[in-house]
Amino acid sequence: FVKFDPTVVQSYNGNIVVAGGGAPSVNVAASGAGINTLPSVTTGSASSVTTTSATAAGSISANGCTAVTAYGIEYSTTSGFVNGTGTQVVSSNLSGGNFTSGLTGLTPNTPYYYKAYATNAGGTAYGTEETFTTLAAVPTLNATTITAFGNVCINTTAGPNSFTITGTDLTTADVTVAALAGFTYSTTSGGTYTSTLAITQPGGTFSQEVFVKFDPTVVQSYSGNIAVAGGGAPSVNVAASGAGINTLPSVTTGAASSITTT
């Protein structure tokens with residue numbers, strides 16, 4: 001009975017010599033080869049694709065000759081990229097032969113190419129290349145609230161109070177602050193105040209504090225919304241509240257003195 005125990009990757013073919021009993025020896029041909037197969041790995045689909053992230057799946061159907069020591073997803077922005085030249089994201093959630101890797105820090109509106117991989121002592125095996133495209137970035141604007149001005153005497157000025165505009169993924173279009181009767185704006189607390197603002201910005205991320213003064217001229221409520229728009233984003237409203245008043249003097253009757261006949 002014969003067992004075969006290869007230790008290296010090679011052919012072990014040869015003859016087993018059998019001799020003795022005063023007889024001429026005879027040869028028994030023995031054939032075998034040592035191999036070290038790679039894992040069998042399949043690239044799965046991509047899911048949860050956003051502007052900057054995605055989840056890519058893979059599966060390992062067979063470990064090969066030795067245990068799998070690492071597995072995950074390798075990706076690139078180059079179609080047909082050479083195995084081992086992409087960015088590897090190691091996974092650790094293998095279950096039933098299946099796993100996923102979370103890809104982060106991606107660029108919006110960009111095609112990505114990816115392959116599942118698995119490594120054992122024989123080397124690294126790759127699945128077929130698959131692809132997905134990240135979502136296009138959507139410009140957004142946000143604004144904080146502004147403290148209410150309350151009741152303010154007409155023909156006087158209150159403030160400044162302020163609110164802050166922030167934006168992400170903006171185009172290079174100006175960010176505008178629309179007019180609202182009774183209110184004026186500036187980008188600095190001590191600057192020149194105007195009824196509207198057009199703020200030049202380079203696109204991408206944006207942040208600007210806007211200072212607001214309230215200048216009522218008649219007795220009425222001036223409450224309303226300050227519209228903020230631009231950068232390719234939907235406009236947002238900042239609620240501004242104040243009222244013009246015209247109070248009478250505060251007067252007190254005092255005592256009479258120096259009383260005569262007339």
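This is a short talk on the strands, surface and backbone details of one protein structure.

Hi everyone, thanks for coming. One thing before we start: this is a predicted model, so please hear everything that follows as computed from that model.

Let's begin with the hairpin of strands S1 and S2. Strand S1 covers 14–20 and strand S2 covers 23–30. The two pair in the antiparallel sense, over 6 bridges. If you want one pair to click on, take valine 18, whose bridge partner in S2 is valine 26. Between the strands there are 2 residues, and in this hairpin glycine 21 takes a positive phi near 65°.

What sits on the surface here? There is a nonpolar patch formed by Val2, Ile16, Val18, Val26 and Val28, with about 420 Å² of accessible area together. S1 and S2 each supply at least two residues of that patch, and the bridge partners I just mentioned, valine 18 and valine 26, both belong to the patch. Isoleucine 16 lies in strand S1 and counts as partly exposed, at 37% relative accessibility. Asparagine 15 is also placed in S1, and asparagine 15 is exposed, with a relative accessible area of 53%. For those of you who like distances, asparagine 15 and valine 26 are 11 residues apart in sequence, and their C-alpha atoms are 9.2 Å apart in space.

Now to the sheets. One open sheet has 3 strands in the order S3-S4-S7, and its pairing is antiparallel. Strand S3, at 40–47, and strand S7, at 98–103, stand at the edges with a single partner strand each, so one side of each has no neighbour in the sheet. From one strand to the next, the twist averages 25°.

Let's walk across that sheet. S3 and strand S4, residues 54–62, run antiparallel and are joined by 6 bridges. Along that pairing, alanine 46 stands opposite alanine 56 in S4. On the other side, S4 is joined to S7 by 6 bridges, again antiparallel. Alanine 54 has leucine 103 in S7 as its bridge partner.

S7 deserves a pause. In a regular strand, the side chains alternate between the two faces of the sheet. Which residues of S7 are buried, and which are not? Phe99, Ser101 and Leu103 point to one face and are buried. Asn98, Thr100 and Gly102 point to the other face and are not buried. So the leucine 103 that pairs with alanine 54 is on the buried face of S7.

The next open sheet has 4 strands, in the order S16-S14-S19-S20, with antiparallel pairing. The edges are strand S16, at 197–199, and strand S20, at 233–240; each has a single partner strand, so one side of each is left without a neighbour in the sheet. The twist here averages 20° from one strand to the next. Inside the sheet, strand S14, residues 175–177, and strand S19, residues 224–230, run antiparallel and are joined by 3 bridges. Valine 175 has glycine 230 in S19 as its bridge partner.

On to the backbone, which I suspect this group will enjoy. As a reminder, most residues other than glycine have a negative phi, and most peptide bonds are trans. Where is there a cis peptide bond? Glycine 159 and proline 160 are joined by one, with omega at about 10°. Proline 160 is found in strand S13, residues 158–170.

S13 also holds aspartate 169. Aspartate 169 has a positive phi of about 55°, although it is not a glycine. Its relative accessible area is 40%, and it is partly exposed.

Serine 258 is another non-glycine residue with a positive phi, in this case about 50°. Serine 258 is placed in the segment after strand S21, which covers 243–245. At 73% relative accessibility, serine 258 counts as exposed.

Last topic: the cysteines. How many disulfides does a search of the whole structure find? The result is 0. As for accessibility, cysteine 65 counts as partly exposed at 42%. Cysteine 153 is partly exposed too, with a relative accessible area of 35%.

That's my tour. Thanks for listening, and I'm happy to go back to any of these spots.

How values were computed:
Residues numbered from 1 in each chain as written. Predicted model: local features only at pLDDT ≥ 70, side-chain atom pairs only at ≥ 80, totals over all residues. Heavy atoms only, no water. Pairing = 2+ DSSP bridges. Axes fitted to C-alpha atoms, helices over the stretch in contact; angles between N-to-C directions. Disulfide = S-S within 2.5 Å. Buried < 20%, exposed > 50% of the residue type's maximum accessible area, 1.4 Å probe, protein only. Patch = residues over 30% accessible without salt bridge, like charges linked within 9 Å, V, L, I, M, F, W, Y side chains within 5 Å. Areas by Shrake-Rupley, 256 points an atom, 1.4 Å probe, with all protein chains shown as cover. Salt bridge = Lys/Arg side-chain N within 4 Å of Asp/Glu carboxyl O.
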